[in-house]
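Here's a quick look at a couple of spots worth pulling up in your viewer. Have the model open and follow along.

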Amino acid sequence: MESKIKKYLSDPWMAYCAFTSKGLTKWVSDRTHLRLMHRAKLGMWPSIDSPVTFTEKMQWLKLNDHNPAYTTMVDKYRAKDLIASRVGSEHVVKTLGAWNSADDIDVSGLPEKFVLKTNHDCGGVLICTDKGHFDLNGAKDFFRGHLKQNYFYGCREWPYKNVKPVVFAEEFLESEGDNARDEDDNWEGIDEFDFFCFDGEPRLISYCHGDKNDSEKRYNDFYDTEWNLLPLAMGYASSEETIPAPEQLSEMLELSRKLSDGVPFLRVDLFICKGRVLVGELTFYPWGGFTPFSPAEAERTLGQMVSLPQRENEE
């Protein structure tokens, strides 16, 4: 405890992030909070009113682009109907049940393997591969904590602010043969293809692979839409290895266009299971909007790709 206090005293920006993670900064205005978090995470104050870099434009969008449809799009449970209406139900992971309260979770009617997850935050996932040994009481305790959280307050990602939390069950996807890192890890263990879309057009693809539980063994490799490896990094390091383009690349590009249509920026997260392209989730602000691209010049280049919509109070 003493070492933590000394660390926070020597770095007040780290202290602010710690307070935020404990839910102690909810009283801070959105604009001030975003400025403080940008300074804490990137070491510089953002230009929010006249944003230039990709991360600065993420903050502008949080404050100014409040399309009510975004709330449904980030809702992992309710977004399924929207996704199915745009690209077809064959690209949606099947839902097996949903509960508003952790105490109401009932797995008796579920198959031997299933996945439980929350719809409104990050990390609220439990995977069952043997229902006979599933700790239901432990699961309920786990989800009680998650259901109390409002994910909005961490990075002030506006779409999450009014999501009504639920716990829902999904089908377990057998992942062998699809670059799975753990055969008991459902789609969470399958490599991701994240499409960075600008005004409905995919311009950049992040191939995310490796050990999801070890950041030092997790990689983000960036490709253009022709599947040429790019000298970019974000969040995780680049593996500096090139893989062949997936057979479903054209299909994934078209799905990304349809799902991101009408949005200034959206990352469409896809994965492939037994040849079938499925939608993982829709992400408005990668890494909460506070993780820059490298090299540094890429921040400006990608920032230029984000066209900011006109604010309602502007003519």
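## R156: a loop residue

In this predicted model, R156 sits in the loop that runs between α8 (152–155) and β4 (167–171). Is R156 buried or exposed? With a relative accessible area of 2%, R156 falls under the 20% cut-off, so it counts as buried.

What does the side chain of R156 reach? One partner is the backbone oxygen of V28, at 2.8 Å. Another polar contact, at 2.7 Å, pairs the side chain of R156 with the side chain of D30.

## Who else is around R156

Setting aside neighbours within four places in sequence, R156 is in contact with T25, K26, V28, S29, D30, H33, L34 and K62. So V28 and D30, the polar partners above, also turn up in that contact list.

Then there's Q59: 97 residues separate Q59 from R156 along the chain, yet their C-alpha atoms are 8.8 Å apart.

## H120: another loop residue

H120 belongs to the loop between β2 (114–118) and β3 (125–128). Its relative accessible area is 3%, so H120 is buried too, given the 20% cut-off.

Which backbone oxygens does the side chain of H120 reach? That of H146 is at 3.0 Å, and that of Q149 is at 3.1 Å. Not counting residues up to four places away in sequence, H120 touches H146, L147, Q149, Y151, Y160, V163 and P165.

Methods. Residues are numbered from 1 along each chain as its sequence is written. This is a predicted model: local features need pLDDT of at least 70, side-chain atom pairs count only at pLDDT 80 or more; totals for chains, interfaces and linings use all residues. Side-chain values use heavy atoms; hydrogens and water are left out. Helices (H or I, at least four residues) and strands (E, at least two) are DSSP runs, numbered from the N terminus. Buried means under 20% relative accessible area, exposed over 50%, partly exposed in between (1.4 Å probe, protein chains only). A polar contact is a pair of N or O atoms within 3.5 Å; within protein, one must be able to donate a hydrogen and the other to accept it, and residues adjacent in sequence count only if both atoms are side-chain atoms. Contact means heavy atoms within 4.5 Å.
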